[in-house]
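Me: Please take a close look at the part of this model where the ligands are held. I would like one connected account of what surrounds them, which contacts are made and how the neighbouring elements contribute.

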Amino acid sequence: MSISHVAIIMDGNGRWAEQRGLPRLAGHSRGVEVAREIAVAARDMGIGYLTLFAFSTENWKRPAEEVSGIFSLLRQFFAREASDLARSGIRIRTIGDIEGLPEPVRRVIEDAERMSSGAQRLVVNIAMNYGGRWDVVSAARKLAEAALAGDLDPSLIDENRFAAALSTAGQPDPDLVIRTGGDMRISNFLLWQTAYSELYVSPVLWPDFTPVHFKAALDDFASRDRRFGGIRKRSDEQRRGEGVDGP
Ligand code: IPE
Ligand code: IPE
Ligand code: MG
C-alpha cells in the first residue's frame, strides 16, 4: 500500500531523560538527533512528506527554562543541519504560528526554508508552535478576510477550499500518524488532516526510536484495511475463489 505522508508525535523525551537521572533537556537534545535520523530513513523509503510535531501551542505551559532550552536546540539544529539536509534532498518547511516564536528562532527557520527550497526528495514539515485548532481557526480567518474583501463568495467554501487555507495546503493528508511514548491521544496535532489517517502508537520513547521501529510502523500500516467509510475491499484471492475476474 502506498504511503505519501507520515506524521509523528515525537513524545517521551522528558521521561527518557528522567529515567536516566538527566535533565529533561538532555532528552530533547537526543530527540533532535533522532528526528534527523528518521527524516533520512523516510527519504530513503521514498516517502514524500514527513510532519514532525516539535512544539505545540500548549507546550508554553512548561517551565520557561525548558521552553527556551527547546527553542535553542531547534535553532541550533536548523542552523547546523539545513544545508546538509537540503543537499541530501530534504526540504524543510515549518507549520504553526511562527510569528509567535522568538525572533532569532524565526530567522533561522526562514533561512532553512529558503536554503532547502529546491530539495525534492522529501518535504519535512516541522510543526512548531503548532496546534490543530490554531490551524483550523487561522484557515477560517483567512477565508473570512477574503470574503470580506469581496474576493471569495462564501457559498463556494467547500472542503477543498478550506484545506487549501490550512498550513498543509497542497500536501496530501497523512496516511499514518505515529505517536511514540505510549499515550493514545492526538494532543491537538493535525485535527482536520487526520480525519482518515491510520494511527500507530509505539511504547518506545522518542529518543530510543530508531529507523527499525519506524519500518515496523510502516509494515503495520501496510496491513491495514483503509475503508474511508466504504466497505472492505476483497482480496484477489477471495475473488479468484468465487471465479470472478478483475475488480
Ligand atoms: C516531547 O517529549 C517533546 C515536546 C513536547 C517538546 P516530552 O517533553 O513531552 O516528553 P514526556 O512526554 O514528558 O516524556
Ligand atoms: C505532544 O506531546 C506535543 C509534541 C510532541 C510536540 P505533549 O507531551 O505535549 O502531549 P500531552 O501533554 O502528553 O498530551
Ligand atoms: Mg509528552
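Reply:

**The ligand site**

Ligand 1 sits in the largest pocket. The elements that supply two or more residues to the shell around ligand 1 are helix 1 (13-19), helix 2 (24-44) and helix 3 (64-87), and helix 1 provides the largest share of that shell, namely three residues. The model is a predicted one, and local features are taken up here where pLDDT is at least 70.

There are 13 residues around ligand 1, and those that come nearest are Asp-11, Gly-14, Arg-15, Arg-24 and Arg-62. Sorted by class, the shell around ligand 1 consists of three nonpolar, five polar and five charged residues.

Several polar contacts can be named for ligand 1. The backbone takes part through Gly-14, where an N or O atom of the main chain lies 2.9 Å from an oxygen atom of ligand 1. Side chains take part as well: an N or O atom in the side chain of Arg-24 is 2.9 Å from an oxygen atom of ligand 1, and for an N or O atom in the side chain of Arg-62 the distance to an oxygen atom of ligand 1 is 2.7 Å. On its own, ligand 1 has 370 Å² of accessible area, of which the protein covers 86%.

Ligand 2 likewise sits in the largest pocket. Its surroundings are made up of Ile-9, Met-10, Asp-11, Phe-53, Ala-54, Phe-55, Asn-59, Arg-62, Arg-179, Arg-185 and Ser-187, and these residues of the shell divide into five nonpolar, two polar and four charged. Strand 2 (residues 49-56) gives the largest share of the shell around ligand 2, with three residues.

The polar contacts of ligand 2 described here involve side chains. An N or O atom in the side chain of Ser-187 is 2.6 Å from an oxygen atom of ligand 2, while for Arg-185 a side-chain N or O atom is 2.8 Å from an oxygen atom of this ligand. Arg-62, whose side chain also contacts ligand 1, places a polar side-chain atom 3.2 Å from an oxygen atom of ligand 2. Taken alone, ligand 2 exposes 390 Å², and the protein buries 78% of that area.

One residue of the shell around ligand 2, Phe-53, leads on to the aromatic pairs, of which the model has eleven when ring centres within 6.5 Å are counted. The rings of Phe-53 and Tyr-130 have their centres 6.0 Å apart and their planes at 85°, so this pair is classed as edge-to-face. Because Phe-53 belongs to strand 2 and Tyr-130 to strand 4 (residues 122-130), the pair ties together parts that are 77 residues apart in sequence.

Terms used:
Residues numbered from 1 in each chain as written. Chains lettered and ligands numbered in written order. Predicted model: local features only at pLDDT ≥ 70, side-chain atom pairs only at ≥ 80, totals over all residues. Heavy atoms only, no water. Near = heavy atom within 4 Å. Polar contact = N/O pair within 3.5 Å; in protein donor to acceptor, adjacent residues only side chain to side chain. Areas by Shrake-Rupley, 256 points an atom, 1.4 Å probe, with all protein chains shown as cover. 1 Å grid on protein atoms, 1.4 Å probe; cavity = no way out; pocket = protein on both sides within 12 Å on 5 of 7 lines; lining within 4 Å. Sits in = over half its atoms within 2 Å of the grid points. Helix = DSSP H or I, 4+ residues; strand = E, 2+ residues; numbered from the N terminus. Nonpolar A, V, L, I, M, F, W, Y, C, P; charged D, E, K, R; others polar. Phe/Tyr/Trp six-rings, centres within 6.5 Å; stacked < 30°, edge-to-face > 60°.
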